[in-house]
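Subject: The structure for you to look at

Hello,

Here is the structure I promised to pass on to you. Please open it beside this email, so that you can find each residue as you read.

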Amino acid sequence: MSPPDFSHLDNEGRARMVDVGAKPLQQRRAVAEGWLRCAPETIEKLRARALPKGDVLAVAQIAGIQAAKRTAELIPLCHPLALDVIEVTFALEPDRIGIRAVAAITARTGIEMEALTAVSVAALTLYDMCKAVDKAMVIEGIRLVEKTKR
């Protein structure tokens, strides 16, 4: 019995990296987002830069950028990519922090895993840096918002 026609399986059903060598180079862009739900007091401390671990947003931003650059080391079948840009931004709301990543590249394969990884690691970093003051935080809603190529 042959395995289903999945791009990440070989003829024997073993995992493999997809060969993208014959695909054309294209400009690709992906946007991902997620949320860290937290207590309003945590948001106030964040705004006042009064959290015990320092400038939480700056550290989480750098963590997200670095994570995007290392996605292929974290997700086994992802292609290593030389990103053109990765931007990680935050939006503070009364009871949550919005996390958004925009990644772009000219390549043969997509960039969505890098954007999703940036949001995920930025959220984990925020969680780590705020956990001393908020034990009930929840990371939620991490998703791909947009994926384009031209």
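Below I go through what was found, from the whole protein down to single residues.

**The whole protein**

Please keep in mind that this is a predicted model. The protein has 4 helices and 4 strands, and along the sequence they come in the pattern β-α-α-α-β-β-α-β. Taken along the principal axes, the C-alpha atoms fill a box of roughly 55 × 35 × 20 Å. Of the 150 residues in the protein, 36% are buried. The chain also brings distant parts of its sequence together: among contacts between residues at least 6 apart in sequence, 72% join residues at least 24 apart.

**Helix α2 and its neighbours**

A good place to begin is helix α2, which covers residues 56-69. Does its length agree with what we would expect of a helix, and why? At 1.5 Å a residue, its 14 residues should span 20 Å, and the C-alpha atoms at its ends are 20 Å apart, so the two values agree.

Which residues of α2 are buried? They are Val56, Ala60, Ala63, Gly64, Ala67 and Ala68. If you look down the axis of α2, these buried residues fall within an arc of 130 degrees, so they line one face of the helix. You may have noticed the spacing of the numbers, and here is some background: an α-helix has 3.6 residues a turn, so residues three or four places apart point the same way.

The buried residues of α2 pack against α1 (40-47), α3 (71-74), β2 (85-93) and α4 (112-130). The pairing with α4 can be described in some detail. The two helices pack at an angle of about 145 degrees, and their axes are 7 Å apart. The crossing of α2 past α4 is right-handed. On the α2 side, the residues that meet α4 are Val56, Leu57, Val59, Ala60, Ala63, Gly64, Ala67 and Ala68. On the α4 side, they are Glu114, Thr117, Ala118, Val121, Ala122, Thr125, Leu126, Met129 and Cys130. Sorted by class, this contact has 13 nonpolar, 3 polar and 1 charged residues.

**Helix α1 and the loop after it**

In α1, the residues Thr42, Ile43 and Leu46 are buried. Seen down the axis of α1, they fall within an arc of 100 degrees, so these buried residues line one face of the helix. What covers them includes α2, β2, β3 (96-107) and α4.

Between α1 and α2 there is a loop, and Arg49 is found there. Its phi is near 55 degrees, a positive value in a residue other than glycine. Is Arg49 buried or exposed? Over 50% relative accessible area counts as exposed, and Arg49 has 61%, so Arg49 is exposed.

Gly54 is in the loop between α1 and α2 as well. With a relative accessible area of 32%, Gly54 is partly exposed. Gly54 and Cys130 are 76 residues apart along the chain, and their C-alpha atoms are separated by 9.9 Å.

**Three more residues to find**

- Arg29 is in strand β1 (residues 26-37) and is partly exposed, with a relative accessible area of 32%. Not counting residues up to four places away in sequence, Arg29 touches Val102, Ala103, Ala104, Ile111, Glu146, Lys147 and Thr148.
- Thr89 is in strand β2 and counts as partly exposed, at 42% relative accessibility. Leaving aside neighbours within four places in sequence, Thr89 is in contact with Gly98, Ile99 and Arg100. The C-alpha atoms of Thr89 and Ala60 are separated by 9.4 Å, with their places 29 residues apart along the chain.
- Tyr127 is in helix α4 and counts as partly exposed, at 30% relative accessibility. Leaving aside neighbours within four places in sequence, Tyr127 is in contact with Leu36, Met137 and Ile139. Tyr127 and Ala60 are 67 residues apart along the chain, and their C-alpha atoms are separated by 9.3 Å.

Enjoy exploring it!

Best wishes

Note on methods. Residues numbered from 1 in each chain as written. Predicted model: local features only at pLDDT ≥ 70, side-chain atom pairs only at ≥ 80, totals over all residues. Heavy atoms only, no water. Expected span 1.5 Å × (residues − 1). Buried < 20%, exposed > 50% of the residue type's maximum accessible area, 1.4 Å probe, protein only. Arc of directions from axis to C-beta. Contact = heavy atoms within 4.5 Å. Axes fitted to C-alpha atoms, helices over the stretch in contact; angles between N-to-C directions. Left-handed = near helix turned anticlockwise from the far one by under 90°. Nonpolar A, V, L, I, M, F, W, Y, C, P; charged D, E, K, R; others polar.
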